[in-house]
Amino acid sequence: KKITAGRGALFAGDFLQSFRPQATPRSIQATRDSLFFGEAESVLKQCQYSVIITGRSDDLLNYYLRFPKNSISGWILKKADRVIGFGLLALIQKPGLRQGRIVDCFLNTNDCGDWKDSIAALSAELRRMKPDLISCYASTPWLREGLVQNGYFRRGKIAFLLRDSKKLIPRSHPFHLTHLEADLSYL
């Protein structure tokens, strides 16, 4: 393909970002979980902030973990031996590209330090899988800040339009949207 000035600038930015030091997890530990048995639902029930989120039952998350290509892994996020969140990671093999994805990361707190350390822990696990690049959707301010503090940068913007004529969804709460809602966790 022909490289335009704009594409060249984006490539240069991507290249320079690769030299940025990676944050190391401090207070959050990620533990691989072959199946969820109440942890995710417990985190959602203990959530200390207002956010709009689609269903995240243990059954739904386990469905993704049993995906035939075995490309999705589940993770429990702990702070001082207390479960504060969960994550789903994916490694997608495409022609000439191993793409890592933080499919979902959800914590029961909106503390930016905990989000930063959770993203660092999940990113460290993904780096062990040796992807060529890692992506994550950042729809809430605390997730976005956690990603930026770990060396991620914004690449594009996706419009999200919603029709809610009955005004059932509060306009003041952020949406937690991930690769799950876009059906991009395994594609």
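Which residues touch the most other members of the largest nonpolar core? I began my notebook with that point, keeping in mind that the model is predicted.

**Entry 1: the core**

I looked up the largest nonpolar core and found that it holds 36 residues, of which Phe36, Leu88, Ile102 and Leu122 touch the most other members. I then asked which elements feed this core, and found that β1 (28-33), α2 (39-45), α3 (58-65), β3 (72-79), β4 (82-94), β5 (97-107), α4 (112-128) and α5 (141-148) each supply at least two of its residues. The element that gives the most is β4, with six residues. As background I noted that nonpolar side chains tend to be buried together in soluble globular proteins.

I took Phe36 as one example and listed what it touches, leaving out residues up to four places away in sequence. Its contacts are Asp58, Leu61, Asn62, Leu65, Gly74, Trp75, Ile76, Phe86, Gly87 and Leu88.

**Entry 2: the overall fold**

I stepped back to the whole protein and found five helices and seven strands, which follow the pattern α-β-α-β-α-β-β-β-α-β-α-β when read along the sequence. The protein has 187 residues, and 39% of them are buried. I also looked at how its contacts are spread along the sequence: among those between residues at least 6 apart, 69% join residues at least 24 apart. The accessible surface comes to about 11,100 Å², with 56% of that area belonging to carbon and sulfur atoms.

**Entry 3: helix α4**

I checked the length of α4, whose 17 residues should span 24 Å at 1.5 Å a residue, and its end C-alpha atoms are indeed 24 Å apart, so the two values agree. Is α4 enclosed by the rest of the structure or open? I found it largely enclosed, because 13 of its 17 residues are buried.

I then examined both ends of this helix. At the N-terminal end, Asp111 acts as a cap, with a side-chain oxygen 3.1 Å from the backbone nitrogen of Gly113. After the helix comes Lys130, whose phi is positive, near 60°.

**Entry 4: two residues with positive phi**

I followed Lys130 further, since it is a residue other than glycine with a positive phi. Lys130 lies in the loop between α4 and β6 (133-135), and at 62% relative accessibility it counts as exposed.

I noted Asp81 alongside it, which is not a glycine either and has a positive phi of about 65°. Asp81 is found in the loop between β3 and β4, where it counts as exposed at 76% relative accessibility.

**Entry 5: Leu133 and strand β6**

I moved on to Leu133, which lies in strand β6 and counts as partly exposed, at 38% relative accessibility. Apart from residues up to four places away in sequence, Leu133 touches Leu97, Arg98, Gln99 and Gly100. For Leu97 I also looked up the separation: Leu133 and Leu97 are 36 residues apart in sequence, while their C-alpha atoms are 8.2 Å apart in space.

**Entry 6: His176 and its surroundings**

Is His176 buried or exposed? I found it buried, with a relative accessible area of 1%, and located it in strand β7 (residues 175-176). The side chain of His176 makes a polar contact of 2.8 Å with the side chain of Asp104. Leaving aside neighbours within four places in sequence, I listed the contacts of His176 as Val51, Ile52, Ile53, Arg56, Asp104, Cys105, Phe106, Ser139, Thr140 and Glu181.

**Entry 7: the cysteines**

Because Cys105 appeared among those contacts of His176, I checked for disulfides next, and the count comes to zero. Cys105 is in no disulfide, and the nearest cysteine sulfur, that of Cys136, is 7.1 Å away. Why is there no bond from Cys136 to Cys105? I noted that their sulfur atoms, at 7.1 Å, are too far apart for one, given that a disulfide needs the two sulfur atoms within 2.5 Å. Both residues turned out to be covered: Cys105 counts as buried at 2% relative accessibility, and Cys136 counts as buried at 18%.

Notes. Residues are numbered from 1 along each chain as its sequence is written. This is a predicted model: local features need pLDDT of at least 70, side-chain atom pairs count only at pLDDT 80 or more; totals for chains, interfaces and linings use all residues. Side-chain values use heavy atoms; hydrogens and water are left out. Helices (H or I, at least four residues) and strands (E, at least two) are DSSP runs, numbered from the N terminus. Buried means under 20% relative accessible area, exposed over 50%, partly exposed in between (1.4 Å probe, protein chains only). Contact means heavy atoms within 4.5 Å. Accessible areas come from the Shrake-Rupley method with a 1.4 Å probe; for residues, only the protein chains shown count as cover. A polar contact is a pair of N or O atoms within 3.5 Å; within protein, one must be able to donate a hydrogen and the other to accept it, and residues adjacent in sequence count only if both atoms are side-chain atoms. A nonpolar core is a set of buried Ala, Val, Leu, Ile, Met, Phe, Trp, Tyr and Cys residues joined through side-chain atoms within 4.5 Å. The expected span of a helix is 1.5 Å times one less than its number of residues.
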